[in-house]
Structure formats: C-alpha cells, structure tokens
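Colleague: I'm new to reading protein models. Could you walk me through this one, question by question?

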Amino acid sequence: MKTDRRLDERNFADPSTLIQFDVNSSCVSPNYMVKQSDINEKMRVILVDWLIEVHYKFELMDETLFLMVNIIDIFLSHQTVERKKLQLVGITAMLLACKYEEVSVPVVDDLILIYDKGYTRNQVLAMKSIVNTLQFNISVPTSYVFMKRFLKTAQYDKKLELLSFFLIELSLVDHDMLRLPPSLLAAAAIHTAQFTLNRTRHWSKTTQWHSYYSEDQLQMVAGGSGLGTVMEWNTKTPL
C-alpha cells in the first residue's frame, strides 16, 4: 500500500502525535457501573453534562474536558462512590485535568463556588487522592488526541473539524460509547462527519494507514455501536 507517512516525520517533536496506540491504556469497561451500589449511568450522564457546562464557563481547553471524563470513568471503575460525593469526584477530576493540561488553573475556591459551596476546600483537596487510584497514570490517549492526529490526514476543512469534534463531545455523555477504543471512536466520528457533510465517504489509504482502521470497520461502528444514534439525534437538531 502506497501511503504518505510524512505525518510522523513532520510531527516528530510532538509527543501527542507519536503516542503508542495501546488502546487498553485509556479504555474503561462499559459495565463498571454494576460495581456501584449508590450511583448509576443516568447520574453519570447528568454529572458529565454539568461538567461540560462548567468547562465552557471557565473557558478551558478541549484536552482538559476529555481527560477529565476519562479520569472520572477510570476512578469509578475502581472505587465505589456515594451519590452525595459524585459531584465532588467530578470537581476534583476537573482540577486534576486542569493541572495536567492548562497553563492557568482555576483555584479550588472557584470550583467550590460553582457547586454553591456544597463541598469544602478540605474535601476537594482530600479527594485529590484520586491520583493514587489511577496510580498517577494521567497521561492517557483520549479520543481528542486521536482526533487531532487523524484529521491531519483527512484533508479536513473547518466544517468537518467542527462536526467531528461535536460528535466525540456528544459521546462523552453516552455511557455506551465506553465500549469503543478512543482511537476507533475518533476515526468513526470523522468518517461519519464526512458522510453527513458530503453524503459520500472518503476514507483515504493515507488516513487508513495512520488510523489502522479500514472503511468497513468504521461503517460497522457507525451503524451498530450507538454512534448512529448520536448522528440521528444530530440530524434533527440544528448545529
């Protein structure tokens, strides 16, 4: 297969574009909620939806949003949490993600104020022990990281970029999307966005080589994993 492999050469100095494609490092079992006795999937949806609003209120980077949700899911897959402390987990995950991704990090008191002072400063700081549960492994490849890489080979314009990122942001709220590796989710979002905008699919050999996913694989994902449901909702809702 004759492909353009210059992407890696051009981005050799950028570690995020040369990340090892070990999807197991950031995948979480979609069934982890069965271990939780006081919270459920609907509560996770409400939490993530609220945190997305907070994320935009603070004008944080997109990388922070995706890392934050990943931290929440990994923590909840290892640790049972009481319902009254679920938002505390979310606030703390946002703080940790900010410390990793942001140049300017929101102060703890501002995050507490967002929740109407429902938690104390000491409670938030104590919950930072989340990093122990994660074994300090915060540097994981999220779907956002893969999306940035794959778009470079997809000959994208602004519309394709916006719709692709819109789709993977919607997937953050959908618990069922956890069954997909981040790289596969990113590739499927681009592939679906291409068809939505152009009514044709253009998954080039170059994009296939860099993503490691064929067009047949992506069509199966879009049609049978839940991403199609996301797109059905999208076609009925103006952007």
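Modeller: Sure! One definition to start: the expected span of a helix is 1.5 Å times one less than its number of residues. Keep in mind, too, that this is a predicted model.

Colleague: Okay, let's try that out on H3. How far apart are its end C-alpha atoms?

Modeller: H3 has 17 residues, so at 1.5 Å a residue it should span 24 Å. The model agrees with that expectation, as the end C-alpha atoms of H3 are separated by 25 Å.

Colleague: And how many residues of H3 are buried?

Modeller: A residue counts as buried when its relative accessible area is under 20%. H3 is mostly covered, and of its 17 residues the buried ones number 15.

Colleague: Let's zoom out. How many helices and strands does the chain have?

Modeller: Reading from the N terminus, the elements go α-α-α-α-α-α-α-α-α-α-α-α-α. So the count for the chain is 13 helices and zero strands.

Colleague: What percentage of the chain's residues count as buried?

Modeller: The chain exposes about 12,700 Å², with carbon and sulfur atoms supplying 51% of that area. Counting by residue instead, the chain has 239 of them, and the buried share is 49%.

Colleague: Is H8 enclosed or open?

Modeller: H8 covers residues 143-151, and the buried ones include Tyr 144, Phe 146 and Phe 150. Eight of its nine residues are buried, so the rest of the structure leaves H8 largely enclosed.

Colleague: Now H9. Which residue caps its N-terminal end?

Modeller: H9 runs over residues 158-173, and its end C-alpha atoms are 24 Å apart, which agrees with the expected 22 Å. At its N-terminal end, a side-chain oxygen sits 3.3 Å from the backbone nitrogen of Lys 159. The residue that supplies this oxygen, and so caps H9 by the polar-contact cut-off of 3.5 Å, is Asp 157.

Colleague: How are H2 and H9 oriented to each other?

Modeller: Their axes come within 8 Å and cross at roughly 135°. Angles over 145 degrees would count as roughly antiparallel, and 65 to 115 as roughly perpendicular. The crossing of H2 and H9 is therefore oblique.

Colleague: Which residues in H9 do the H2 residues meet?

Modeller: On the H2 side, the residues are Arg 44, Val 45, Val 48, Ile 52 and Tyr 56. Their partners in H9 are also on the list of buried H9 residues. Those partners are Glu 169, Leu 172 and Val 173.

Colleague: What is phi of Glu 59 near?

Modeller: Most residues other than glycine have a negative phi. Glu 59 sits in the loop between H2 and H3, and at 71% relative accessibility it counts as exposed. Its phi is positive, near 55°.

Colleague: What about phi of Tyr 212?

Modeller: Tyr 212 lies in the loop between H11 and H12. With 54% relative accessibility, Tyr 212 counts as exposed. Its phi is positive as well, near 70°.

Colleague: Last one: which side chain joins that of Glu 102 in a polar contact of 2.5 Å?

Modeller: Glu 102 is in the loop between H4 and H5, and at 14% relative accessibility it counts as buried. Its side chain reaches the backbone nitrogen of Met 61 at 2.7 Å. The side-chain partner is 38 residues away along the chain, yet the two C-alpha atoms are separated by 7.3 Å. That partner, at 2.5 Å, is Thr 64.

Definitions and conventions
Residues are numbered from 1 along each chain as its sequence is written. This is a predicted model: local features need pLDDT of at least 70, side-chain atom pairs count only at pLDDT 80 or more; totals for chains, interfaces and linings use all residues. Side-chain values use heavy atoms; hydrogens and water are left out. Helices (H or I, at least four residues) and strands (E, at least two) are DSSP runs, numbered from the N terminus. Buried means under 20% relative accessible area, exposed over 50%, partly exposed in between (1.4 Å probe, protein chains only). A polar contact is a pair of N or O atoms within 3.5 Å; within protein, one must be able to donate a hydrogen and the other to accept it, and residues adjacent in sequence count only if both atoms are side-chain atoms. Accessible areas come from the Shrake-Rupley method with a 1.4 Å probe; for residues, only the protein chains shown count as cover. Axes are lines fitted to C-alpha atoms, for helices over the stretch in contact, and angles run from 0 to 180 degrees between N-to-C directions. Angles under 35 degrees count as roughly parallel, over 145 as roughly antiparallel, 65 to 115 as roughly perpendicular and the rest as oblique. Contact means heavy atoms within 4.5 Å.
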